[in-house]
Structure formats: C-alpha cells, structure tokens
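Me: I have not seen this structure before. Please take one part of it, look at it closely, and then show how it fits into the rest.

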Amino acid sequence: MSGADPEILIVDDDSLNLFVSETMLRRAGYKTARATNGQEAVAAVASARPAMIIMDLSMPLMDGIEAAEEIHRMTNAGQSRIPIVALTANVTNRHAYACAASGFEGFLTKPVRMEDLLSLVGRFVDADQAEAETAAVAADF
C-alpha cells in the first residue's frame with residue numbers, strides 16, 4: 001500500500017463475512033473498519049470518511065440501499081463521492097436496478113473471491129497497485 005493507507009469500511013451483519021472480507025483486505029495492506037448494519041455505517045461515515053465502502057444489502061435496522069442513499073446525501077455537500085459497492089448473494093435485475101438508483105458503483109457476490117475483491121478495491125482506492133497485489137496476495141490466501 002502506498003500513500004496515506006486509505007480505510008475501507010466493510011458493512012455486513014454476518015460476522016463470518018466481515019472476518020473474511022477484512023482478512024483479505026488486510027493481507028493486501030489495506031486498513032479496514034467495520035459496521036454490522038446500515039445505521040452503524042452512516043454513523044461511521046459521519047465520524048471518519050472512508051476511501052470506500054463495501055456493504056451488504058440485507059441487514060437489520062437499516063439495509064444497504066437505505067444506508068447508501070443516506071451516506072450519499074451526507075457527503076454530497078461539495079465533497080467527492082464515496083464509492084459504495086454492494087456485497088450480496090442475490091444479484092437479480094431488481095437488485096441491480098435498486099443499487100444503481102441508490103448510487104452503488106458495483107457489485108461483489110458472496111462468497112467473495114479475493115481476486116474480485118482486490119480488483120474492485122483497486123479500481124476505486126489504489127489502481128496503481130491493484131494488479132500486483134491481486135496476484136501476490138491471492139496466491140497466499
């Protein structure tokens with residue numbers, strides 16, 4: 001990782017999914033933060049601006065769609081938009097449309113594959129090192 005070590009916020013109500021995503025990202029040199037529902041994600045963004053958010057769609061209290069809409073409302077005041085990627089097991093046309101309408105920049109499907117995760121993160125966070133990190137870290141996972 002180069003630069004200021006951007007932080008990636010991972011939002012999922014399943015502790016195993018959080019652990020897996022966090023482990024993959026940390027092995028690639030990224031700093032991570034976690035939230036277990038949309039309300040926690042909104043609060044996390046209010047207190048510290050992550051470089052990117054990877055968020056489950058189906059969560060208690062506030063789902064990923066509602067949280068993404070609220071986060072984009074909060075950060076539209078002259079700041080650059082925080083990329084938010086959907087993390088879901090269900091990629092239907094309905095989900096794709098709802099995510100696009102809510103401002104998600106992409107999808108990751110569960111179970112998450114290291115190559116897909118690092119490729120997507122590299123596209124938004126650190127494009128210069130994405131390819132090298134994907135090859136090196138995926139071989140060790």
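The part to look at is helix H1, and the reply goes from there to the sheet, the cores and a few single residues.

Reply: This is a predicted model, in which local features need pLDDT of at least 70 and side-chain atom pairs count only at pLDDT 80 or more, while totals for chains, interfaces and linings use all residues. Residues are numbered from 1 along each chain as its sequence is written, and side-chain values use heavy atoms, with hydrogens and water left out.

First, the setting. The protein chain has six helices and five strands (helices are DSSP runs of H or I with at least four residues, strands are runs of E with at least two, and both are numbered from the N terminus). Starting at the N terminus, the order of elements is β-α-β-α-β-α-β-α-β-α-α. Of its 141 residues, 45% count as buried (buried means under 20% relative accessible area, exposed over 50%, and partly exposed in between, with a 1.4 Å probe and protein chains only).

Now to H1. This helix covers residues 15–27, and its 13 residues at 1.5 Å a residue should span 18 Å; the end C-alpha atoms are 18 Å apart, which agrees. The expected span is 1.5 Å times one less than the number of residues. At the N-terminal end, aspartate 14 acts as a cap, with a side-chain oxygen 3.0 Å from the backbone nitrogen of leucine 16. H1 is followed by glycine 29, which has a positive phi, near 95°.

Which residues of H1 are buried? They are Leu18, Ser21, Glu22, Thr23, Met24 and Leu25. These buried residues pack against strands E1 (7–11), E2 (31–35), E3 (52–56) and E4 (84–88), and against helix H5 (114–124). Contact here means heavy atoms within 4.5 Å.

The strands named above belong to an open sheet of five, ordered E2-E1-E3-E4-E5 with parallel pairing (two strands pair if DSSP finds at least two bridges between them). E2 and strand E5 (106–109) are at the edges and have a single partner strand each, so one side of each is left without a neighbour in the sheet. On average, neighbouring strands of this sheet are turned by 25° against each other, direction ignored. E1 and E2 run parallel and are joined by five bridges; valine 11 stands opposite alanine 35 in E2.

H5 lies across E1, E3, E4 and E5, at about 140° to E3. Helix H3 (residues 64–75) lies across E3 and E4, at about 155° to E3. These angles run from 0 to 180 degrees between N-to-C directions, with axes fitted to C-alpha atoms, for helices over the stretch in contact.

The largest nonpolar core has 20 residues, of which Val11, Ile53, Met55, Ile71 and Phe104 touch the most other members. Such a core is a set of buried Ala, Val, Leu, Ile, Met, Phe, Trp, Tyr and Cys residues joined through side-chain atoms within 4.5 Å. Two or more residues come from each of E1, helix H2 (38–47), E3, H3 and E4. H3 gives the most to this core, with four residues. Apart from this core lies another, of 19 residues, including Ala28, Leu108, Leu117 and Val121.

Two residues lie in the loops on either side of H1. Aspartate 12 is in the loop between E1 and H1 and is buried, with a relative accessible area of 0%. Its side chain makes a polar contact with the side chain of lysine 110, at 3.2 Å (a polar contact is a pair of N or O atoms within 3.5 Å; within protein, one must be able to donate a hydrogen and the other to accept it, and residues adjacent in sequence count only if both atoms are side-chain atoms). Not counting residues up to four places away in sequence, aspartate 12 touches Asn17, Leu18, Ala35, Thr36, Asp56, Met59, Leu87 and Lys110. On the other side, alanine 28 lies in the loop between H1 and E2 and is buried at 6% relative accessible area. Alanine 28 and methionine 114 are 86 residues apart in sequence, and their C-alpha atoms are 9.7 Å apart in space.
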